[in-house]
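Me: I'm new to this one. Could you take a close look at a single helix for me and show how it sits in its chain?

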Amino acid sequence: MTQLQYLAQQGINAISIGSLYALMAIGLAMVFGILRLINFAHGDLIMVGSYGALLLLVLGTPFWVAALGGIVASTIAGLLMERVAYRPIRGAPDVSMLLTSFAVTILLENVAILVFSPTPRAFPTPSSLNSTFRFGQLQISRIDVVAILVAVILLVLLTLFVTRTKLGISMRAASEDLLAAHLMGINVNRVIATAFAIGSIMAGVVGLLWSARVGKVDPLMGFYPVLKAFVASVIGGLGSLAGAVLGGFLLGFLEILLQGLLPSSLAPFRDAFVFVALIILLLFRPNGIMGSAEREKI
Amino acid sequence: MRSQRFFNLLTLLILVVLTAGFLIYTKVAASAYIQRVVVGLAISIILVVSLNLINGMTGVFSLGQIGFMAIGAYTAAILTLPLSMKEVNLPDLPSWLAQVELSFLPATLIAGLLAVIVAFLVGLSLMRLSGPYVSVATLGFLVIVQVILVNWDKMTRGSRTFSGVPPFTTLWWAWGWTILTIYIGWRIARSMYGRRMIAVRDNQIAAKSLGINVMRSRLLAYCLSAFFTGVAGSLWAHFIMSFSPKSFYFVETFSVITMLVIGGMGSVSGSILGAVLITVLSEILRNAERGIAIGPIDIPPVYGASQILMSIIFILVIVFRPKGLLGGREIDFNRFWSWLLPKRGEKAIVPGKEVS
C-alpha cells in the first residue's frame, strides 16, 4: 500500500469517527446552549437506542424497522429525561444541573445493568453493512461510508431546521437568551423539548452506527464516547452548533493522528493525550474555538 | 453575650467525649463488620471534607478529585508493599523503588505530598477555568489518571488487581487522620484564606477588586484538598488491601459527590453529615440487596438496586433541597445552648392565671 493510500484510508477513518462525535456533540451543544446543562446522560440515550434496536432485531424484524425502533426508543427516553429530571430543576445553578445529569446517568446505567445484565451482547450487524468497498488497494468499510453519509444528511437537515423553520429559529433565539425568548412569546417548554428530541434522535442514530461498528452492545457503552464528545463540543465552544461539528471532526482527526504518530509504547495512552490536548486548548481559548466569550455581568 | 468561649469549649469537650466514646465502644464491643464500616466511614469523611475544600469553598466544581485518591493509594501501596511481595507482584519496578519498604506514616505522607505536587502542576492550568469548563476539564484529569494507571504496567500492574498491601489502616489511624482533616477544614473555613476562597466563589469580580488573588486562593484549596484526598487514598489502600484502577473512577466519584451535595456544599458539618448518612444508608441497602424477608414476603436479591435508589435520592435532594440538608451552613451549637438555657429578659411563663 502506498503512502497516499494509507493517508486516504486513515482520512476516511477519521471523518467517519469524527462524524459520530459531531452528531453526539450537537446533541450536547443544543441542550447546553439553551439550558447551560451538561447532559452526561446523553450517552445513555445512545445505549437505549442500541438496546431498542437489538430487542427488535432479536424479535426478527428487518434491520430498518429495528433501526427506526431504536431511534424512537432513544427519543422517548430523551423526552422523558427532560420532563422528569431536568424540568424541575430548570434555572438551578449550573452545578446542580450537572450533578442531576450525573445522577441520571448512574440511574439509567444501573437500570440497564439490572434489566439487560452487565455482559455485552453481540449486535447482529447486517452483512450489507459489514462488507467493504474496494478501490484498487484501498479498502473502505461500508459502515464508515454510511456513517459519513448519514451524518451529512442529518447536518443538512439540522441546518435547514434551525434556519428555515419557525421552531428552529425560536430555538436559536432561546439559546441566545432564554428569558428574552420567553418574553417574546416563544413557547420555551416546547423549544427545550424539541432540543432534547433532536439530540436524542441523533443519539439513537449514533447508537446504531456505533454498535454496528463495534458489533456489540453493553449498558455502559455510551458513557465513554459521550465523554469524548464533550471534549469535542468544548473544543468547538460549548453551546455552538457549528463549533460542535467542527470539534467533532477535529477530535476524530486528532485521535487517528495520535494513533498513527505515537510510538507503540505510548499508544495505549492515546486517550490521555486527547484530554491533555483539551486542557491545553482551554487554557488558550477558554471558550473553545467558536464559542463567544461570555461577558461577566457585575 | 454569654461567655462564648466557655460554651465553645464545652461543645468541643462534648464532641470529643462522644467521638472517643463511640470509637472505644466500636473497638471493644462492636462486631468486625461494624468496625470495618466505621473505618470506611472515616475515609469517606476525609474524602468529603477535602472535596468540600475545593468544590464547596471555592465553587470550582472539580469532578476529578478521586484521581488524587488513586495517586495516593498507588503511591503508598508501592512504598509499603513488603519486599518479597514486590518481587512477585511488581518485578519491573525501577531499582530505586524495588528496595524500598516504608512504614505507614511516611508512605502516607509521601502519598499526600505527591498528590499535592500533581495538583499544583495541573492546577496551574485547571484553576484558570471556571463554571462547567472546569468540571469537564477536571473530569478529563480523572480520565488521564485512569489511562495512566491502566497502562503503566511496571508501577501499577495495569488493570490487574494490585494486591498484597499490608493491612495497616486501623481504627485509630483512620480516625486520627479524619479528625486532623476536619480540624484543618474547619480552621481554613474560618481563616483569612477561607474567607478569600468564599469571596472568590460568591463574587469573583468583587473579590478581585478587593485585591484577592483568585488563582492563588483556588490553588491553595485545590492542593490542600489533594493532600487529604491522597491521604485518604493511602488509608483506603491499606484498608481494602487489593484494588484496581477501576476502584478510582466514576462510581467512587459519584458516591463522594453525593455525600457532599446531600449534606450541603460549603459546610464542614454538612460534609460529615452527608458522609454518615450515605454510609449508613448504603450499608443498609447493600444488605438489602442480598435479599431480605419481611414477614412472609421474600424480597429477592436485586443487585445494583442500591445505586439506583441512591441516584433517585440524589435527584430528589437536588430538586427539593438544592443546597443540601444543612443548606451550606454549619451546625450551630450556640443555638442549641441558647435554646436550652434561660436567657436574660426572657418572658417568664408562669403556670396559673395569666398575668398581663
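**Helix α14 of chain B**

Reply: Let's start with the whole chain: chain B has 356 residues and a radius of gyration of 23 Å, which agrees with the value near 21 Å for a compact globule (taken over C-alpha atoms; the rule is 2.2 Å times the number of residues to the power 0.38). This is a predicted model, where local features need pLDDT of at least 70, side-chain atom pairs count only at pLDDT 80 or more, and totals for chains, interfaces and linings use all residues. Residues are numbered from 1 along each chain as its sequence is written, while chains are lettered from A and ligands numbered from 1 in the order in which they are written.

Chain B comes to 16 helices and two strands (DSSP runs numbered from the N terminus: H or I of at least four residues for helices, E of at least two for strands). Of its residues, 43% count as buried, meaning 20 or more other C-beta atoms, placed from the backbone, lie within 10 Å of a residue's own.

Now for α14(B): this helix runs over residues 268-289, and its 22 residues reach 31 Å from first C-alpha to last, close to the expected 32 Å (1.5 Å times one less than the number of residues). Among its buried residues are B:V268, B:I272, B:A275, B:T279 and B:S282. The buried residues of α14(B) pack against α2 (32-58), α9 (171-190), α13 (250-263) and α15 (305-320) of chain B, with contact meaning C-beta atoms, placed from the backbone, within 7 Å.

Note on methods. Buried ≥ 20, exposed ≤ 12 C-beta atoms within 10 Å, placed from the backbone. Contact = placed C-beta atoms within 7 Å.
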